[in-house]
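Me: Please give me a close look at a single part of this chain, the part where aromatic rings and charged side chains are found together. I would like one connected explanation, with each term explained where it comes up.

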Amino acid sequence: MTLVKEREKQERPPSLDEGSSSVPNSDSLISSVSSTATPSSDNEEGEASDDQSDSDGFSTSEAPEGDSESEPEDQEVERLDESLASTIAQEIDEGTYICLVCTCEIDRHSKVWNCRYCYRVYDLDCIRDWAQRGSSTTEARTWRCPACSFEQKKLPSSFTCWCGRISNPKADSLIPFSCGNPCNKKYPHCVHSCYSVCHPGKHPECGAMGPVMNCKCGKHKQQLPCMVTPYKAGWHCEDPCETVVCMLGHKCSKGQCHSGFCGRCMAHLETSCYCGQHTMKIKCKDFDPKESYKDEERFIGGTRCESITIQYYDCNEHFEELHCQPLPKEKPHCNFKCSQPVQVSCLCGRIAKEVPCGASSGKQSSIWTLLECTEDCSRAKREEELRQIFNISPKGFENPYSEPILNVFKRQTNWCQKMESIMRDFISDYQDLVAAGSPAKRTYHFPPMSKPQRDFIKELAITYKLYAESQDREPHRFVFVVITDRTETPAMTILQALEKEREIELKRLQLEELKLNKLDEQPCNALLIRDTFFGVNESSVMKAVSEILNSYEEYEDFGIKCMKESAFVFHAPYLSEMDKEKEDKLYMLSKKFKSILREKLIAFDCKMCLVDEDITEILKVDTNNVMTNSSNASVHYVLEAGENEHQKNELETNELEKNNLEKTNSFEILQSS
C-alpha cells in the first residue's frame, strides 16, 4: 500500500485506454467483468460480524428493506461463469489483480472492497476516495461502481472477508481474504445454502437433490436435483383423473393429473325440454331432471326451452299460455274468469267506467252491462230534444269523428272507406236480423293488421259506440268489436263530415273577410307603443306616459298593457266610445308620445290602433294620416279645444320635426341622444 501511495503522489494514473504486456488493460478488465459478471440473486454475501461497520458493502443484513442495492438479483441478466471466483483468488494470490481506480496490483496483504453486483475487487482506500469524490456522486447522494456503474448507497469503510462474517481477515488463509468458514448463503429459489468455503465471486449452482414431491393428484412421488425441482409449479403424473363427478357416471373433464376439486361436470348430453317440444344439447352441469307429461305419456325433461306451451283446461275451451315447465298428467280444472277491464256506460253515454269483464264458462261478459242514468242524463236529454224541436244549435256543426280518424282518412282514404263500410254493414245487418226476430251475431273479428290500423278501428268503434279490443300476438294481432245496447250509426260518413267541415270553413273565411272590411271603417281607440329600447319594461313605459299625461284630465284612469315583446298598448275608459273628434285628438297625442318617448329612449314609434273590448287582441294598426285637414289646421283645432300657448308651440315643433324623425332610424336617434 505504501508503494501505491507513493506512485499516486509522483504521477497521474495511466488512462484506461493504455496498458502494458505485464499489466492487463483496464478496458479489457472492465469488458471481461461486464461480459461475465451480471446481477443475480446469489450475489449477496453472508452476514457480517457484530463489530462490522454499517458502511460495509459486503453485508446484506445491514442493508435496509426495499434498498435497490440489496436486491440486484431482481434484474434479468446472463449467468456468471463460476470460474470467476477461482480467477479472482488466483490473481490476488499471485499479486497480479489490478485495481481499476489506481491501476495498482492487489495482493494478500492489501485491504480490499468488492462490488456485490459485478464482484470487482478494489483497494479499500481507492474505492472510498472514488465514492467520496463529487464526480462519481449522483444527486441522490449515491455513487456508482467504476466497473458496472451499479448505484451504491453506502460508503466503503471496513475490510471484511468475502462472506462478511469477520473483519480484517488474515493473509495466510488458503483463499485470499477468506475466513475459512462455509459460506452458508441461502439460495433464493430452493431450500439449500451455498456449501463452498467463504469465496469471492458468484455462488456456485446448487447441486443438492431436491425434496421428495408428490404429484398434483397425490398418487406418485419423485425426487429431482434441486436445480430442476419445480417448487412452485409442482408436477403432473401421467395417470388421468378418473374421479366420477356426476350422477350419470361422467368422469373428471380435466383429464390429466390436477390438484384441488375436479369441478362440475362439463360433458355434453342430449335431453328433452320440460314441455316436450324440443330435444336440446346441454352440459351435464345444467341437467335438472323433472317428470313431465305430453299427450298423457310420461317422460323426463332436463332443461327449459324458449317456447310457449298451450295448456288446456278440462273444459277443452279455455287455455293458459305457459313458459316451458313440467306439465301434469291430467288437465287442470277450469276456473277461468276473465279479469280484463272493459268499459261500460249508461244508455245515453254520459256516465262511463271500467269494470272487470267477469266472463266465465257459465257467466256472460260485463260488456253488455248498462249503468243507470241519473237525473243529469234526463235533463241533458230534454235539452237536446228542445234544441232539435226549435232547430237550436249553440255549438254549430260538431263533427262526430275524432281528429285521429280524420287524419288517417286523409292519408288512406280507400282503406278507411272500406273499413267504415264493413262496420256500417255489420251494424245494419244485425239490426235487420233482430227486427226480423232471427238470431244475430253481435261480434265481428277484423283481419290481422298493424298497430296504427288497429288504432283507427278502435277510434271508429268509439264513434259507433261499439266495444273494441285487440287480441292475439304480433303479427297476428287483430281487433274484434261487439254490438252493445248503445250502438248507433252516425248520420254522416267520414267523407261527408269532411265535406261539411270544408263548407263551414269556407263560410267562416268569407265572414272574416267581411269583418275585416268593416274594421277599416271603425275608428282607432288606443295607442300602440312599439319598438321599445333594450331594457324597457311595462313600469318604465307607465312612468313615462304618466309624465306626459299630467295635463290631460280625461286620461286619469289610463292603462298600459304588454301585448308582445317590445310592444305595449295605451288604453283608457275615455276612448271606449270613439268618434271623429276623439280620434283626431288621439292622433295628436300619438305624435306627442312618439316625440317624447324617443327623447327619453323609451320607444321608437307610436301609432293609433284598434283593440277589442278585453284588450286581448290588436284588430288593426293605423299606418295613414287619419286627419282630413292640414297639419296647421290640426294645430288650430286643438287650440280651440282648450290648449294653451305652450302646448301650441310644442305641437308645431313636433310637426316640424316629423319629417326628419321619419327619415332617421333608431340607431341614429340613439347616437344623437
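Reply: What follows starts with ring pairs, goes on to charges over rings, and ends with salt bridges.

This is a predicted model, in which local features need a pLDDT of at least 70 and side-chain atom pairs count only at pLDDT 80 or more, while totals for chains, interfaces and linings use all residues. Residues are numbered from 1 along each chain as its sequence is written, and side-chain values use heavy atoms, with hydrogens and water left out.

The structure holds 14 aromatic pairs, where rings of Phe, Tyr and Trp (its six-membered ring) pair if their centres lie within 6.5 Å, and where planes under 30 degrees apart count as stacked, over 60 as edge-to-face and the rest as tilted. One of them serves as a reference: the ring centres of Y117 and F150 are 4.5 Å apart and the planes stand at 0 degrees, so this pair is stacked. The pair links distant parts of the chain, for Y117 is in the loop between β3 (112-114) and β4 (121-123) and F150 is in the loop between β5 (143-144) and β6 (151-152), 33 residues apart; the helices (H or I, at least four residues) and strands (E, at least two) named here are DSSP runs, numbered from the N terminus. Both Y117 and F150 are buried, and buried means under 20% relative accessible area, with exposed over 50% and partly exposed in between (1.4 Å probe, protein chains only).

Now to the part you asked about. Y555 and Y574 form an edge-to-face pair, with 5.4 Å from centre to centre and 85 degrees between the planes. This pair, too, links distant parts of the chain: Y555 belongs to the loop between α10 (538-548) and β21 (559-564), and Y574 to the loop between β22 (567-571) and α11 (580-599), 19 residues apart. The relative accessible area of Y555 is 3%, so Y555 is buried, whereas Y574 counts as partly exposed because its relative accessibility is 23%. The two tyrosines also belong to a cluster in which ring pairs link Y552, Y555, F558, F570, Y574 and F593.

Charged side chains come into the picture as well. The charged end of K582 sits over the ring of Y574, 4.5 Å from its centre; a charge sits over a ring if NZ of Lys or CZ of Arg is within 6 Å of the ring centre and within 35 degrees of the ring normal. R598 likewise lies over the face of a ring, that of F604, at 4.1 Å from the ring centre.

The last step concerns charges that meet each other. Side chains of opposite charge can pair when their charged atoms come close. A search of the whole structure finds 19 salt bridges, each being a side-chain nitrogen of Lys or Arg within 4 Å of a carboxyl oxygen of Asp or Glu. One of these joins R530 and D605, whose side chains meet at 3.2 Å, N to O. R530 lies in strand β20 (residues 526-532) and D605 in strand β23 (residues 603-611), so the pair ties together parts that are 75 residues apart in sequence. R530 is partly exposed because its relative accessible area is 25%, while D605, at 8% relative accessibility, counts as buried.

D605 also meets the side chain of K594 in a salt bridge, at 3.6 Å from N to O. Since D605 is in strand β23 and K594 is in helix α11, this second pair ties together parts that are eleven residues apart in sequence. Both D605 and K594 are buried. Taken together, R530, K594 and D605 are linked in a network of salt bridges.

For another salt bridge to set beside this network, look at E474 and R454, where the closest N and O atoms are 2.8 Å apart. This pair also links distant parts of the chain, with E474 in the loop between β18 (467-471) and β19 (478-482) and R454 in helix α8 (residues 451-463), 20 residues apart. R454 has a relative accessible area of 4%, which means that R454 is buried.
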